[in-house]
Amino acid sequence: MSNIKNIRGIRGIFFDLDGTLFDTAPELSAAINHMLTDLNLDKLDPLDIRNFIGRGADNLIKKSIALSSQLDPEPFFEEGTRLFHQHYMVNAGFSKPYNDAKDTLKKLKEKNIYLGCITNKPKIFTNKILSQSGFLDFMDLVVSGDSLNKMKPDPLQIQHGCEALGLLPNQVIMVGDSSNDIEAGSAAGTYVITVPYGYNYGQPIDSPKVDLAIKILSDLTQVAD
């Protein structure tokens, strides 16, 4: 596995949102449990809900309904989606960034690195979190789960990001916390760096497709030294 000093020629860094830049699990879990209550279903342990984060809102809603009801989630899905969106719009912007996230982005911008957010979260919630926290000011690009017709682990979002910023894949790092980020970055031809916290839905992120596993996000500031 590479040392960060050996990753050269980087002009852009793309970040996952949930579990990489922001700890969104508390707000997502609260919105899901409000949705379940409104559907007359049992609430779930937030730790169980946490395992469903990262593969888009539809997956989160369906998996939560299925676990709570022990039934096919489809009959509940349309109303569940409406209720989840209603509750999550209220609290999404309260999600807190990880401690060193803002300072890391600031230092990377000072090094003239292009920054992007590549997430499976729907655009309406992505923009709310990034704008309410002030993180949108650091981003040269934001690609959400509903921006294109495919999302991670498909490489399309990352490929689109590279093209939009005029970057070659080998000039870009994809930073994330899950196999979705690893698979998407690897398929797109970017470097892949993982963080040890976040949401990986119980799947290991120790993979030969990972170029570097960092301990804290601020390790990235060495990439352009």
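Gln 70 is exposed in this predicted model, with a relative accessible area of 61%. Its place is the loop between helix 3 and helix 4, and its phi is near 60°, a positive value in a residue other than glycine. From that exposed loop residue, the tour below moves through the other backbone details, the sheet, the cores, the cysteines and the cavity.

**Backbone details in the loops**

- Asn 40 also has a positive phi, about 60°, although it is not a glycine. You will find Asn 40 in the loop between helix 1 and helix 2, the latter spanning 46-50.
- Is Asn 40 buried or exposed? Asn 40 counts as exposed because its relative accessible area is 72%, and the cut-off for that class is over 50%.
- A cis peptide bond links Lys 152 to Pro 153, with omega at about 20°. Pro 153 sits in the loop that runs between strand 5 and helix 7 (156-165).

**The sheet**

- Six strands form an open sheet in the order 5-4-1-6-7-8, and the pairing is parallel. Its edges are strand 5 (141-143) and strand 8 (212-213), each of which pairs on one side only.
- Strands of a sheet pair through backbone hydrogen bonds, either parallel or antiparallel.
- Starting from the strand 5 edge, strand 4 and strand 5 are paired in the parallel sense over three bridges. Gly 116 has Leu 141 of strand 5 as its bridge partner.
- Strand 4 also pairs with strand 1, again in the parallel sense, over four bridges. Here Ile 13 has Leu 115 of strand 4 as its bridge partner.
- Strand 4 is mostly covered, with four of its five residues buried.
- At the other edge, strand 7 (residues 191-194) and strand 8 are joined in the parallel sense over two bridges. Thr 194 stands opposite Ala 213 of strand 8.

**Nonpolar cores**

- In soluble globular proteins, nonpolar side chains tend to be buried together.
- The largest nonpolar core has 51 residues, and the members that touch the most others are Ile 13, Phe 15, Leu 21, Met 35, Phe 84, Leu 115 and Val 175. Both strands and helices feed this core: among the elements supplying at least two residues are strand 1 (12-15), strand 4 (114-118), strand 6 (172-176), helix 4 (74-91) and helix 5 (101-110). Helix 1 gives the largest share, six residues.
- Val 175 is a good residue to click on. Beyond its neighbours within four places in sequence, Val 175 is in contact with residues including Ile 13, Phe 15, Thr 20, Ile 193, Leu 217 and Leu 220.
- There is also a second, separate core of twelve residues, which includes Phe 14, Val 143, Cys 162 and Met 174.

**Phe 14 in focus**

- Phe 14 lies in strand 1. Phe 14 is buried because its relative accessible area is 0%, and buried means under 20%.
- Which residues does Phe 14 touch, not counting those up to four places away in sequence? The list includes Gly 116, Ile 118, Leu 141, Ile 158, Cys 162, Leu 165 and Met 174.
- Val 172 is another contact of Phe 14. The C-alpha atoms of Phe 14 and Val 172 are separated by 7.3 Å, although the two residues are 158 places apart along the chain.

**Cysteines**

- How many disulfides are there? The count comes to zero.
- Cys 117 is in no disulfide, and the nearest cysteine sulfur, belonging to Cys 162, is 15 Å away. A disulfide needs sulfur atoms within 2.5 Å, so this pair does not qualify.
- Cys 117 counts as buried, at 0% relative accessibility. Cys 162 is buried too, with a relative accessible area of 3%.

**The cavity**

- One cavity of 30 Å³ or more turns up in a search of the whole structure. The largest cavity holds about 190 Å³ of space.
- Its lining is made of 23 residues, and those nearest the centre are Asp 18, Ile 53, Gly 54, Gly 56 and Lys 121. Helix 3, helix 4 and helix 8 (179-188) are the elements that give two or more residues to this lining.

Definitions and conventions: Residues are numbered from 1 along each chain as its sequence is written. This is a predicted model: local features need pLDDT of at least 70, side-chain atom pairs count only at pLDDT 80 or more; totals for chains, interfaces and linings use all residues. Side-chain values use heavy atoms; hydrogens and water are left out. Two strands pair if DSSP finds at least two bridges between them. A nonpolar core is a set of buried Ala, Val, Leu, Ile, Met, Phe, Trp, Tyr and Cys residues joined through side-chain atoms within 4.5 Å. Buried means under 20% relative accessible area, exposed over 50%, partly exposed in between (1.4 Å probe, protein chains only). Contact means heavy atoms within 4.5 Å. On a 1 Å grid over the protein atoms alone, a cavity is a set of points where a 1.4 Å probe fits but cannot get out, and a pocket is an open set with protein on both sides within 12 Å along at least five of seven lines; lining residues have an atom within 4 Å of a point. Grid points are joined across faces, edges and corners, and a volume is the space filled by probe spheres set on the points.
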